[in-house]
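Look at the aromatic rings in the model below, then at its nonpolar surface.

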Amino acid sequence: MPILILAWKSLLNRRGTALLTVLSIGLSVVLLVGVERLRTETRASFANTVSGTDLIVGARTGPVRLLLYSVFRIGHATNNISWASYREIATHPRVAWTIPLSLGDSHRGYPVLGTSSAYFEHYRYGRGRALVVAEGAPFSCRPAPRSIARSM
């Protein structure tokens, strides 16, 4: 018991140092838990975003760059593969379905995506949710405005 009394008196004598030590340990634990939670939430969010995607094939580039641009539309577009290469992959017996994507152009600041109807059939995001078109239908053609139609 005398050792505990001696330790208590020593702690009281060094209050400032002891307080700073306790605060630094507390801050370290909070940062460690926060970073770990951020890591797990990022991993879960990423897994939910690309749900059902087993393989992304593209032209030669870094794998992270290809993934970020083809899935998240972050960064700059990579080169496209040839249509013959795409057809060879699509007709392979072990491939159930494919979605061709051609990226790189923009219209009024929005990225333009060239694809097929398979994009709307198979593409899923956020825990398997399908894409929904707010107005019209996928690949529906609207008549050109009259001012454009007359000038043609």
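Three aromatic pairs are present in the structure. Rings of Phe, Tyr and Trp (its six-membered ring) pair if their centres lie within 6.5 Å; planes under 30 degrees apart count as stacked, over 60 as edge-to-face and the rest as tilted. One of the pairs joins Tyr 119 and Phe 120, whose ring centres are 5.6 Å apart with planes at 90 degrees, so this pair is edge-to-face. Tyr 119 also pairs with Tyr 123: the centres are 5.0 Å apart and the planes stand at 15 degrees, so that pair is stacked. Ring pairs thus link Tyr 119, Phe 120 and Tyr 123 into a cluster.

This is a predicted model, in which local features need pLDDT of at least 70, side-chain atom pairs count only at pLDDT 80 or more, and totals for chains, interfaces and linings use all residues. Residues are numbered from 1 along each chain as its sequence is written, and side-chain values use heavy atoms, with hydrogens and water left out.

How buried or exposed are the members of the cluster, Tyr 119, Phe 120 and Tyr 123? Buried means under 20% relative accessible area, exposed over 50%, and partly exposed in between (1.4 Å probe, protein chains only). Tyr 119, at 9% relative accessibility, is buried, and Tyr 123 is buried at 18%. Phe 120 has a relative accessible area of 28%, so Phe 120 counts as partly exposed.

Turn now to helix 1 (residues 2–13), where Ile 5 is found. Ile 5 is partly exposed, with a relative accessible area of 48%.

Methods
Helices (H or I, at least four residues) and strands (E, at least two) are DSSP runs, numbered from the N terminus.
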